[in-house]
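Okay, thanks for coming, everyone. Let me put the structure up, and then we can talk about its charged side chains.

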Amino acid sequence: MEHRGNRHIRERRGEAIREELGSILAGELGDPRIGLVTITDLIMGEGGKSARVFVTVVGDEKDVAETVEGLQAASGYIRHELAENLSLRFAPELVFLLDKSQEYGTRIDELLHRVEKRKKKNK
C-alpha cells in the first residue's frame, strides 16, 4: 500500500506533467502527422516511472491513427522537454492512448433516446 504523502506528490507531479504536456502538444511539435490533440486524462504509474496519457483527436479515423502514431514517435522528445522544463531527474515513460469515452457516451445517449421513442410509441 502506498503512503499517503507519496500518493499526493505523485498526483501533483502528474498534474504538472499534464499541464506541460498540453503546452508541448499545442505548439512545439513539428510532426505533420500530429493533428489537434486534447489531453483528457493522465494516470501516473505507482513508482512514477510511467504515465498513460489519454487523448482525443479531431478528425477521421485515419487522422486519429496518424496522430497517435506521431505522438508515440515523438515521445522521446516530449520526455526530454518534460524533464528539462519541470526540472525532473527522470521523466516518466509516456504511453499515448486514444480516449473513446466521448464516443461511448454519445452511443449510450443515442440508445437511450431510441428506447424512449419506443416507449412513447407503445403507449
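I'll go through the salt bridges, and then a charged patch.

A quick word on the source: this is a predicted model, where local features need pLDDT of at least 70, side-chain atom pairs count only at pLDDT 80 or more, and totals for chains, interfaces and linings use all residues. Residues are numbered from 1 along each chain as its sequence is written, and side-chain values use heavy atoms, with hydrogens and water left out.

So, how many salt bridges does the structure hold? Five, if a salt bridge is a side-chain nitrogen of Lys or Arg within 4 Å of a carboxyl oxygen of Asp or Glu.

Let's take Arg33 and Glu69, whose closest N and O atoms are 3.1 Å apart. This pair links distant parts of the chain: Arg33 is in the loop between α1 (4-27) and β1 (37-44), while Glu69 sits in helix α2 (residues 61-73), 36 residues apart. Helices and strands here are DSSP runs, by the way, numbered from the N terminus (H or I, at least four residues, for a helix; E, at least two, for a strand). Arg33 is partly exposed at 29% relative accessibility, and Glu69 is too, at 48%. That label covers whatever falls between buried (under 20% relative accessible area) and exposed (over 50%), with a 1.4 Å probe and protein chains only.

Next up, Arg79 and Glu93, with 3.0 Å between the closest N and O atoms. Arg79 is in helix α3 (residues 75-86) and Glu93 in strand β3 (residues 93-98), so this pair ties together parts 14 residues apart in sequence. Arg79 is partly exposed at 27%, and Glu93 is partly exposed at 39%.

Now to helix α4, where Glu110 and Arg107 both lie, three residues apart, or about one turn of the helix. Their side chains meet in a salt bridge of 3.0 Å, N to O. Arg107, Glu110 and Arg114 are joined into one network by salt bridges that share partners.

Last thing: which residues gather in a patch of negative charge on the surface? Those are Asp60, Glu61, Asp63 and Glu103. A patch takes residues with over 30% relative accessible area and no salt bridge, and like charges are joined within 9 Å. Glu103 lies in helix α4, which runs over residues 101-122, and Glu103 is exposed, at 52% relative accessible area.

That's my tour, thanks.

Key. Patch = residues over 30% accessible without salt bridge, like charges linked within 9 Å, V, L, I, M, F, W, Y side chains within 5 Å. Areas by Shrake-Rupley, 256 points an atom, 1.4 Å probe, with all protein chains shown as cover. Lys, Arg positive; Asp, Glu negative; His and termini not counted. Charge placed at Lys NZ, Arg CZ, Asp CG, Glu CD.
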